[in-house]
Amino acid sequence: MELTGGGATASETTFNYRIDPADYEATLLQRRSELRQASAELEMELGRQDLARQEKLAAMGRMTAGIAHEINNPLGVVLLYSHLLKDEIDPDSELSRDVEKIIGEAERTRRIVRGILNFAREEKIERAPCDINTLLERAATDAGGNGCRIAIELDLDPHMREHEV
């Protein structure tokens, strides 16, 4: 077999193969084997790269969830004290309007953080039947049972019993 090449640049390089007819079958089998080996090596490398990319995405998801939780904790405190402050001030005052802005922006941020957490979770959300009235009654009982001065009056719709949430 004789191999010759030429061309001014690498992109213009051409190779001519001259194979002795007696060596044709052996050369063809050897080239086919080399091609299969190169293809298998390429497939393994692509698999390694894909695995590394998946591991990196999983790590980013965990990190994102951790950051979102760290943002959510002080945000809950901001909302709690903003609502307490709002209850103590004149509703018609400029300060009341400022506190409303704080509450609105904190709630907007909380929705953004919740979206990030939902995106970072790998689990699928499954809908299940829920008795809405019972859920609201429990929430009202829990809210009033923490030593807080909260009066809750429930006016429940009897048609809102079993819904899928």
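Let me start with the surface. The chain exposes about 13,900 Å². Carbon and sulfur atoms supply 55% of that area. Keep in mind that this is a predicted model.

Now burial. What share of the 165 residues is buried? The answer is 13%.

On to the fold. We have 3 helices and 4 strands. Going along the sequence, they are arranged as β-β-α-α-β-α-β. So two strands lead, by that pattern, and a strand also ends the chain's run of elements.

Next, contacts. Take the pairs in contact that sit at least 6 apart in sequence. Of these, 56% join residues at least 24 apart.

Let's go inside. In general, nonpolar side chains tend to be buried together in soluble globular proteins. Which residues form the largest nonpolar core here? There are 6: Leu75, Leu79, Ile89, Val99, Ile103 and Ala106. Two elements each give two or more residues to this core: helix H1, spanning 24-88, and helix H2, spanning 94-120. H2 provides the largest share, with 3 residues.

Look at isoleucine 89, one of the core members. Set aside its neighbours within four places in sequence. What does isoleucine 89 still contact? Leu95, Ser96 and Val99. Of those partners, Val99 is listed in the core too.

There is also a second core, separate from that one. This second core has 5 residues. Among them are Ala65, Val113, Leu117 and Ala120.

To recap: 3 helices, 4 strands, a largest nonpolar core of 6 residues, and a separate one of 5. Buried residues come to 13% of the chain.

How values were computed:
Residues numbered from 1 in each chain as written. Predicted model: local features only at pLDDT ≥ 70, side-chain atom pairs only at ≥ 80, totals over all residues. Heavy atoms only, no water. Buried < 20%, exposed > 50% of the residue type's maximum accessible area, 1.4 Å probe, protein only. Contact = heavy atoms within 4.5 Å. Areas by Shrake-Rupley, 256 points an atom, 1.4 Å probe, with all protein chains shown as cover. Core = buried A, V, L, I, M, F, W, Y, C linked by side-chain atoms within 4.5 Å.
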